[in-house]
Amino acid sequence: MKFFNSIFHPFYAQHWLAHHKHVIIDTKHIGEHGECSEHLRLKTLQQYPKNTASLLNSSMGMGANIYGLISQYALLIFTPLPYCGLVFWHDQPWSLLTYLLPSLLLPLSTIYHKYLHMSDVSRRKKIPWYFRWLLSNAGDQVVKKHFIHHHMNNDHNWNFIVFADTITNLFNGTNLEPDERTIAYMKKLGLEME
Ligand SMILES: [Zn+2]
Ligand SMILES: [Zn+2]
């Protein structure tokens, strides 16, 4: 039990307890710099003393260094997510891909995660060449979906991973669309949905 906890809890702390809270209370700073303010960083480290390593390895849930990536892959190996496709294997062999592919991409997506939280201006200014596809129309959709992930429908964890929605929609079409309220809120922030 302790072993599983040591794999699950750090991610829970960095992603749900820290990151999901930070993007709501520190939107402006994160929008400009792609990371939370120093004050909030120290406060979070004090708040979760048992998870300081995972918080630091993930820049407070905003990214991942090599240790952060290793622990995320460990998380995937020990969660049912990559194996859910097996349930449907009998009827639709290709459905296995809908779970395997996004699962493999999840840790990789944490590398560009911080750019999803930046304002349009900061993103254009700071994004490195190998992530410039995030400035395209398709990339714009990824940014919007990640916004929805944080502010609405936030139980849909795939939606900031490139192609994940397309792949999952091919088989079950369960991805949620933003509701009226979310669309109105996004418009206010300049994030128009077509
Ligand atoms: Zn999340
Ligand atoms: Zn995020």
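**Exercise 1.** How many helices and how many strands does the protein chain have?

*Solution.* Remember that we're working with a predicted model. Running through the protein chain gives 11 helices and zero strands. Written from the N terminus on, the elements read α-α-α-α-α-α-α-α-α-α-α. While you're at it, look at burial: of the 194 residues, 26% count as buried. As for contacts between residues at least 6 apart in sequence, 56% join residues at least 24 apart.

**Exercise 2.** Check the span of helix α5, then work out where its buried residues sit.

*Solution.* Start with the span. Helix α5 covers residues 66-78, which is 13 residues, and at 1.5 Å a residue it should span 18 Å. The C-alpha atoms at its ends are 19 Å apart, so expectation and model agree.

Next, pick out the buried residues of α5: G68, S71 and Q72. Around the axis they cover an arc of only 105 degrees, so they lie on the same side of α5.

Now flip to the face turned away from that buried side: there you'll find the exposed residues I66 and I77.

**Exercise 3.** Which residues make up the largest nonpolar core, and which helix gives the most to it?

*Solution.* Collecting the members gives eight residues: A13, A18, V23, I30, C36, L55, M60 and M62. Helix α1 (residues 2-25) gives the most to this core, with three residues.

Finally, zoom in on one member, M62. Skip its neighbours within four places in sequence, and the contacts of M62 are H19, G34, E35, H113 and K114.

Terms used: Residues numbered from 1 in each chain as written. Chains lettered and ligands numbered in written order. Predicted model: local features only at pLDDT ≥ 70, side-chain atom pairs only at ≥ 80, totals over all residues. Helix = DSSP H or I, 4+ residues; strand = E, 2+ residues; numbered from the N terminus. Expected span 1.5 Å × (residues − 1). Buried ≥ 20, exposed ≤ 12 C-beta atoms within 10 Å, placed from the backbone. Arc of directions from axis to C-beta. Core = buried A, V, L, I, M, F, W, Y, C linked by C-beta atoms within 7 Å. Contact = placed C-beta atoms within 7 Å.
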